[in-house]
Amino acid sequence: MSAQESNTAATEQKQEVAELATQVEDIVLDAEGKPLSKKALKKLEKEREKEQKRIEREAREAAERAAREASEVDCAKENYGKAPINMSQVQSGTKWTEIKDLSAELAGQTVHIQARVQGSRPTGSKMCFLVLREGSATAQGLLVVDNETISKQMVKFANSISSESLVSLVAKVVVPSEPIKSCTVGDVELHVSRLFVISQVAVTLPFSIDSASWSTLDYERDPTLNRVLLHTRLNNRVVDLRTTANNAIFKLQAAVSQLFREYLTNEKFTEIHTPKIISAASEGGANVFRVDYFKRNAFLAQSPQLFKQMCIAADFGKVYEIAPVFRAENSQTHRHLTEYVGLDLECAFREHYHEVMNMIGDMFIYIFKNLEKRWAFELATVRKQYPSEPILVGDKPLKLEFKDAVALLRKHGEEMEDFGDFTTKLEKTLGRLVREEYGTDFYMVDKFPLAVRPFYTMPDPENPMYSNSYDFFLRGEEIMSGAQRIHDAGMLRERIAACGVPVDDLIEYIKAFEYGCPPHAGGGVGLERVVMFYLGLDDIRYSSLFPRDPTRLEP
């Protein structure tokens, strides 16, 4: 066979293979892998034709709809859209209204609002509802086509706004036929006439604000609801903090600080600001963060204790501070942080440390009573997601001595040493027993054993096994520790040696008392703990803005 004949035969063979392959591809197999019958093939062909016609019809209808919408005159095209980036181009003098200030008294008025779109819900093509949120407050917005100021295109735009985008809008305040139960502002709704996106969310949120806002009662009613876990919340804290409950929690945290300042300022205290980088551990012990300080060792302050006392020796009389505190405790508990906000105070007294202890008790009563009166909206917002009963508290705090608290625990079957300290379990048990027997959630325990208190604590003059020290408790957990401090330099040296603390590290501190110092007492409050226990939260991380614990260093 010639070369030409061989090439021709090879070409024909390739064509036959290609035709055979095409035929094989066209063979349709059933579920068992066998070729379909002619009848089945004919039925399949009809179904394919029907599907193709459906696709073509929907495409034609979509094109017609788009053409129709394009041909429609948009009467509202100037009333909606995406605003240019705010680069402080203008100052219009517009009077803005906050959502929390909306009420039926504003009915009929036109207001200017800036808020986040928490969600949208269209009703057909001519109506759209918006949930608008600003801080802890939410309100319902409504757009209805009227072919004058609101067009179909504007309603469609409103529905397309991504959740959590910021908008600026103009709306009329209207009283609805029925209260709006899904929003904090329920007696009015906003009939929107202008709507512009000023900051658009262009990414997928880690979770929805709605799912992060479910309460424990919601989960009980519907166990299928998506539960956002605490570590997921903390890993995405910026989004988590947008929930109305979280917003309210930190308004209440600020309120506690404000009331602390308010009360102590009225009592003629001076606010001070002490160093947080120090040369020696302020509380002694190993739970201190060591830092490199220009080729020397330094430490992050465990408290402002030493400096508060030095200010008393400097004749400041009464001082307080609100500042960060650092504790290198490897404690993975519901109430421990490695960095928290300390509310500290120190006060000289005339005759007895109870002058200071009782004043602190009155201060807490002032804080608790004013929270209920002046921040009722925020408390209601938090309790909606995290249900809790308001604390039981009288006009004066209950006072127990340590030995009496031990006796109360033993009376109800608890074991405890005479000169030991309360465990967390015993604290909670004591709180329950005090509530049952005395009808209060807030109380103080006085005269703790000297062995469980820091070196600067004054011993009890009648029984040196005890001390002039006290703790304050809320809902069965400690929120403040305090005491009369040793103000005599000689006695202080003895106690420092007895506690095994290196004297050389405290020379400047001791020197302050060698110059003469009045008797004084004080204490330190953990801000996050006060907020946590007051609101009945089950973890301190809920009341810490960006928590720091042994495993969390960001965000």
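This section describes selected strands, one helix and one surface patch of a predicted model.

Two hairpins share a strand. In one, β2 and β3 are joined, with 4 residues between them. β2 covers residues 110-122, and β3 covers residues 127-134. The two strands run antiparallel and are linked by 6 bridges. One pairing places Gly119 of β2 against Val131 in β3. The turn holds Gly124, which has a positive phi of about 70 degrees.

β3 also pairs with β4, which spans residues 137-144. Here 8 bridges join the strands, again in an antiparallel arrangement. Arg133 has Thr138 in β4 as its bridge partner. Between β3 and β4 lie 2 residues, and these strands too form a hairpin. In this hairpin Gly135 takes a positive phi, near 65 degrees. A glycine with positive phi is thus noted in the hairpin of β2 and β3 and in that of β3 and β4.

Another group of strands forms an open sheet. It contains 3 strands, in the order β8-β10-β9. Their pairing is antiparallel. The edges are β8, at residues 277-278, and β9, at residues 290-293. Each edge strand pairs on one side only. In the sheet order, β10 stands between β8 and β9. β10 comprises residues 296-300. It is joined to β8 by 2 bridges, and the two strands run antiparallel. Within this pairing, Ile277 stands opposite Leu300 of β10.

Helix α15 spans residues 527-535. It is mostly covered, with 9 of its 9 residues buried. The buried set includes nonpolar side chains such as Leu527, Val530, Val531, Met532, Phe533 and Leu535. Glu528 and Arg529 are also buried, as is Tyr534. Gly536 follows the helix, and its phi is positive, near 70 degrees.

The segment after α15 contains Leu545. Is Leu545 buried, exposed or partly exposed? Leu545 counts as partly exposed because its relative accessibility is 39%, and that class lies between the limits of under 20% for buried and over 50% for exposed. Leu545 belongs to a nonpolar patch on the surface. The other members are Val238 and Phe546. Together, the three residues have about 260 Å² of accessible area. Leu545 in this segment is therefore partly exposed at 39%, whereas the residues of α15 are buried.

Definitions and conventions
Residues are numbered from 1 along each chain as its sequence is written. This is a predicted model: local features need pLDDT of at least 70, side-chain atom pairs count only at pLDDT 80 or more; totals for chains, interfaces and linings use all residues. Side-chain values use heavy atoms; hydrogens and water are left out. Two strands pair if DSSP finds at least two bridges between them. Patches are made of residues with over 30% relative accessible area and no salt bridge: like charges are joined within 9 Å, nonpolar side chains (Val, Leu, Ile, Met, Phe, Trp, Tyr) within 5 Å. Accessible areas come from the Shrake-Rupley method with a 1.4 Å probe; for residues, only the protein chains shown count as cover. A salt bridge is a side-chain nitrogen of Lys or Arg within 4 Å of a carboxyl oxygen of Asp or Glu. Buried means under 20% relative accessible area, exposed over 50%, partly exposed in between (1.4 Å probe, protein chains only).
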